[in-house]
Amino acid sequence: MPTVRDASRVAARAAVLVVLCAAVVGCGVWASVRWGEAARWQVQTEEDERVRAPQPVEDPSAADFPTGPRDIKPLIPRRGSGGGISVRIRRVGSDGTKGQDESAEWRITTTYRLGLGAKDPLVGQLRADPELFSAVAYVLPGGFASAQPVSGLAPPNEALSGNLAGLPTWCTISQPAKDGRVTVTAQHVVTARAEPPATQLDDYNLFEKVPDGGKGWVPRLPGRWTWRLDVSRGWGLKVKGAPEHQTARSVGFRLTTTRGADSVTATLTAAQGGAPEDAEESTSTASRHQALPSLLALFLAVGGALVGFARAPDDADGIRRRARAVAVGAGLLVCAAVGVLLWDLYEPSWSMLLWIQDTLWFERTGLGLEPLPIQARAQAVILGIALFALPVLVTAAWRGAPRPGTGSVLAVALPAPAFVLLAWVMGGADWSSPVAHCLAAATLAAVAVLCLLRLPLWRGRTRSWSVPLAAATWAGVAVAVVLLALPRNLWQENRGAPFTYTRPAVLASWSAVFLLLAPWVVTLVALGGPLVSRRLPHRRGQAAVVGVLLCGALLPWWTQFHKEVYYDLPATSALFLHLTGQSPGDRRLLGVQTVAPALQVIWLVCTVLLLLHLRNTGRESGRWHTSARGGCLALLVLAASATVIGAPESWLPYWTTGAALSTAWAGGALLLLPTARAQRAARLHALSGDAHARLVTLLARALLFAEGRHRFLTSSRATLADSSLPPDDWDAKWQSLKRPTAADASDETTRLRADALGGSAGRDAWTNGVTATAATALLALPWTVWTAVQAHGYSGLPQAVTVAGGPTCVWLAHGFTYGYLYPWLRGNSPVAKAGWLWSVMTTVQLLLLVPKLQVPGDAPTLSVFLLLAQSTVMALCLGLFWEIRLVRRADLLWGHIRNFRRLSSLATPAATVLVAAVAAAVTVLATAWANDVTAPVEAPRPSSSSPSPTPSPGAPP
């Protein structure tokens, strides 16, 4: 029973924790305020330098376009072409607030999409000269009309002028097959400042005549041509004519050869007079609230898997303490989730849940006018903790208490001060004071943690964690402050030349990019090196080379954000934008998509360390490590979360994602690996190869006598009828066949089958797991190839493994668990165990497939059919392969256990059903392929819940 002294000690510890958290947060806020002021001053200084810098002289001899009909004729697409234009107006740097009266910047994005035949001469011209698309867009229906309202809003250094002003200067071409349809895509983006209530854009006169440079007009092209306008909250639409469709903030037209007087005008209305939300935004709001259960399920599943992975206490008091800690942690998570949901519902200016689903841009010019939104601060904190503080804690936990390895912990924390110093070099001498404040704040926070955790009121186990926690605090606070706004130092090499990084800043930026991944790479080398080779930790030169190679392998080899960065800046700007969501000193991306690269690296490192741990602890025959079951459950959860971590903005907004993660953990713990089977599983796993051979031989003997009795009964009908076999001889023969078995032959055969085919056959767990994984990989090869062919193209190894390989990871993890813990699995035979495995992994796969089925134009029936077929074939073949493997271990043939003669009668109907199923599958695949190839290209319909101009490569295909 707790005493007053115990209660006072608990209260004192709680007070110390509150003071500790307040001190760490206070130091971080103090340094971030000073860092934000320096970033704002940097933006203002760069603007002043650009104004004073000499501008390049434009060439006045450039001829306008077009000069006559001869310029127009080669640019007209052939008959059968089609396409569309989409215009979107979104606020720049919006933090989700509503009802603001002050002026704001708005981004107007015009997207052109043109569908051409493979033999159209225009395809070759655009391939050779993508800049020609500006002239092609001029002659497209609605192209000139879409450029006029934004032509006057272009910056002074706009590449095009005259009739081509406001049109795209580049295009991209995609063609799925040699003779397939060609899709040409281009985009024009311009930013404008607008104030309610009188600001409006010029009219989009969709049927205005376009001059051909002579005395005539550009002919109106036949085919399907569409035009669409989507505006943000606070904008209104004035529409003349009869549109195809219209909502509160969108309108669409079908552009035909018949000219009319249709036009659209976008007007920025007063903030209080905004239009009501349409159905699309209501759906988006509901989706972002669904993301909260998915996040909660992710935390609970990962936490439960980690608790199961940790070594269980030996005494009852330890078990009760752990259960109490787990219950308190889960309760705090649930309470936090409910509080976040209520705050989001009743506080419209707070939009962190919208950050989970949507992505938007925050321009560098907005930093000088308003403070950084809460999303930017949250991203900096999350990345600082995930990339620099978390690996320190993981290393300390892996080394173990009561004395976590101080040397390895400090080695993992060392990249943090190096990253701060490199940020100082990137910013130049003007950032000396903010860097000093950052270092001082991180040091004060670390000292507070070190001193308060050294107080006598803490136990020795807690006090031993003071150094790792202090190092993690220093790294997390320092890097979170720096990632709030990455600095840069620009200069002009010659008068009139563009601004770019100084040479020290370029070198420092490349080193800083590598240091972003260095803590987790050091963790992988420090913890995984001894598991691979005991000599690697003592050869520091080799370890350093391995670390550099791993950093290079984990960096993205391509990024979609290279187009979002000014071309004169070094490639590290796009890499920083990909890894941290911001280009140094420039624009930044706000959304959960920005933390995905960090989560992907963490997922890879944790998966590799877990597999290495299972490898080292699973090489002893007949014995499992205490963490075997917890490790396999953690592996199942990691595999189920691969797709979610790879593209969180696409999977988190659906409640089915949380259900899939919960199913992976609960299904594995309760259905596949119940604790009630622990003793029986340990007994079967401890059987040697000789014992396994004896059991399989006894099973074959029992089945042989059962088959003999069956055949004797069948053949004796005729001999008894013609009196060739006397009844006394028949009875003696029957008793001789029945004597070797027990009274209840059926139960005896069942028990023999469960023991003979339920063990590990004298092999170690790791060998069985690798064998089952290889068989699963071979069986899952069709789906893997199919998803790889449909892939958009991924930025690097982490994204390719997590997004493209997500379904395959689920199959491989379940296959590994099938072999590693085969005796523990529910079921009495290999096929029965595979059936339970199928039930869990198919449920997880179907729940993870739901977000992909929401994509318009996708083939949901085909996807579900292929997924079910692949899972069924994999589970059934894996079970049969394992049965053959167990029988062959006893030096017997599979036919000695599996009676094929009884199955021969099923051959004809099974073959008929199989042929019909294959024919149906081929028909469905061919139809889907034909529809995809021959379908006309329609105008894109961007969702109002995704303001980002560039889609994520991890989005569902």
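## Arg 680 and Asp 755

In this predicted model, the side chains of Arg 680 and Asp 755 form a salt bridge, with an N to O distance of 3.4 Å. The two residues come from distant parts of the chain: Arg 680 belongs to helix α24 (residues 678-685) and Asp 755 to helix α27 (residues 745-756), with their positions 75 residues apart.

Arg 680 has a relative accessibility of 29% and counts as partly exposed, because that class covers values between the 20% limit for buried and the 50% limit for exposed.

## Arg 683 and the shared partner

Asp 755 also forms a salt bridge with Arg 683, where the closest N and O atoms are 3.7 Å apart. Asp 755 sits in helix α27 and Arg 683 in helix α24, so this pair ties together parts of the chain 72 residues apart in sequence.

Arg 683 has a relative accessible area of 42%, and is therefore partly exposed. Through salt bridges with shared partners, Arg 680, Arg 683 and Asp 755 are joined into one network.

## Arg 228 and Asp 230

Another salt bridge pairs Arg 228 with Asp 230. The closest N and O atoms of this pair lie 2.7 Å apart. Both Arg 228 and Asp 230 are buried.

## Overall count

The model has four salt bridges, counted with a cut-off of 4 Å between a side-chain nitrogen of Lys or Arg and a carboxyl oxygen of Asp or Glu. Among them are the pairs Arg 228 with Asp 230, Arg 680 with Asp 755, and Arg 683 with Asp 755.

Technical notes. Residues numbered from 1 in each chain as written. Predicted model: local features only at pLDDT ≥ 70, side-chain atom pairs only at ≥ 80, totals over all residues. Heavy atoms only, no water. Buried < 20%, exposed > 50% of the residue type's maximum accessible area, 1.4 Å probe, protein only. Helix = DSSP H or I, 4+ residues; strand = E, 2+ residues; numbered from the N terminus.
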